[in-house]
Amino acid sequence: MDDCIFCKIANGEIPSTKVYEDENWFAFRDIEPAAPVHVLLIPKKHVDNILAFDEEYNKNFADFFLVVKKIAEQEGLKESGFRLVMNTGEKAGQSVFHFHAHIIGGKEMGWPPFPEDK
Ligand code: AMP
């Protein structure tokens, strides 16, 4: 999609630190990491976010969790675990409107994520 920063990262127009790529997926390091490991996984085929999915588009996600697992293993997160975050919509903190999953790990993480809201 024209003017989409993550489409441009996936096609190499904008540089990134790539950690994984296959025919349908691209993963790279977040520019403002929230933890020692902070990878963004994006589909090469643009979709704004989960709310824009339909049955047809969802077929692209058949291997989504297997790709997440592959990256987590590659990043050494198998033992420590990791958090998978998909901010969906502006009010939920989404700032880039090309679906992306944050794969975050390498440090202890508490739950709930926003204890001050309790
Ligand atoms: P979100 O707020 O969930 O939409 O996440 C967008 C993420 O993209 C943020 O964590 C940003 O730090 C990250 N980000 C934005 N631009 C870039 C970029 N050019 N390279 C790597 N990460 C980026």
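**Exercise 1. Locate Asp 3 and describe its backbone.**

Step 1. Asp 3 falls in the segment before α1. Helices here are DSSP runs of H or I with at least four residues, strands are E runs of at least two, and both are numbered from the N terminus.

Step 2. Check phi. For Asp 3 the angle is near 70 degrees, a positive value in a residue other than glycine.

Step 3. Note the ground rules. The model is predicted, so local features need pLDDT of at least 70 and side-chain atom pairs count only at pLDDT 80 or more, while totals for chains, interfaces and linings use all residues. Residues are numbered from 1 along each chain as its sequence is written, and side-chain values use heavy atoms, with hydrogens and water left out.

**Exercise 2. Find the peptide bond that is cis, and place its proline.**

Step 1. The bond runs from Trp 111 to Pro 112, with omega near 5 degrees.

Step 2. Pro 112 belongs to the segment after β5.

**Exercise 3. Trace the side-chain partners of His 46.**

Step 1. Start with the position. His 46 is in the loop between β3 (37-43) and α2 (55-58).

Step 2. Apply the contact rule. A polar contact is a pair of N or O atoms within 3.5 Å; within protein, one must be able to donate a hydrogen and the other to accept it, and residues adjacent in sequence count only if both atoms are side-chain atoms.

Step 3. List the partners. The side chain of His 46 meets that of Asp 48 in a polar contact of 2.8 Å. A polar contact of 3.1 Å links the side chains of His 46 and His 98.

**Exercise 4. Describe the largest cavity.**

Step 1. Set the terms. On a 1 Å grid over the protein atoms alone, a cavity is a set of points where a 1.4 Å probe fits but cannot get out; a pocket is an open set with protein on both sides within 12 Å along at least five of seven lines; lining residues have an atom within 4 Å of a point. Points are joined across faces, edges and corners, and a volume is the space filled by probe spheres set on them.

Step 2. Count. The structure holds 1 cavity of 30 Å³ or more. The volume of the largest cavity is about 40 Å³.

Step 3. Read the lining. It includes Asp 48, Asn 49, Asn 87 and His 100. By class, the lining of the largest cavity has 2 nonpolar, 5 polar and 1 charged. Here Ala, Val, Leu, Ile, Met, Phe, Trp, Tyr, Cys and Pro count as nonpolar, Asp, Glu, Lys and Arg as charged, and the others, Gly among them, as polar.

**Exercise 5. Characterise the largest pocket.**

Step 1. Its space is about 390 Å³.

Step 2. Of its 14 lining residues, Arg 83, Val 85, Ile 104, Pro 113 and Phe 114 are the closest to the centre.

Step 3. β4 (82-85) and β5 (101-105) are the elements that give two or more residues to this lining. The largest share, 3 residues, is from β4.

Step 4. The lining of the largest pocket comprises 9 nonpolar, 3 polar and 2 charged residues.

**Exercise 6. Place the ligand and work out its surroundings.**

Step 1. The ligand sits in the second largest pocket; to sit there, more than half of its atoms must lie within 2 Å of the pocket's grid points. That pocket has a volume of about 280 Å³.

Step 2. The second largest pocket has 19 lining residues, and those nearest its centre are Phe 6, Phe 28, Asp 30, Ile 31 and Leu 40. They divide into 9 nonpolar, 8 polar and 2 charged.

Step 3. Turn to the shell. There are 16 residues around the ligand, and Asp 30, Gly 93, Ser 95, His 100 and His 102 come nearest. A residue is near if one of its heavy atoms lies within 4 Å. α1 gives the most to the shell, with 3 residues.

Step 4. Take the polar pairs. A polar side-chain atom of Asp 30 is 2.5 Å from a ligand oxygen atom. Polar backbone atoms of Gly 93 and Val 96 lie 2.8 Å and 3.1 Å from an oxygen atom of the ligand.

Step 5. Finish with burial. Taken alone, the ligand exposes 510 Å², and the protein buries 83% of that. Areas come from the Shrake-Rupley method with a 1.4 Å probe; for residues, only the protein chains shown count as cover.
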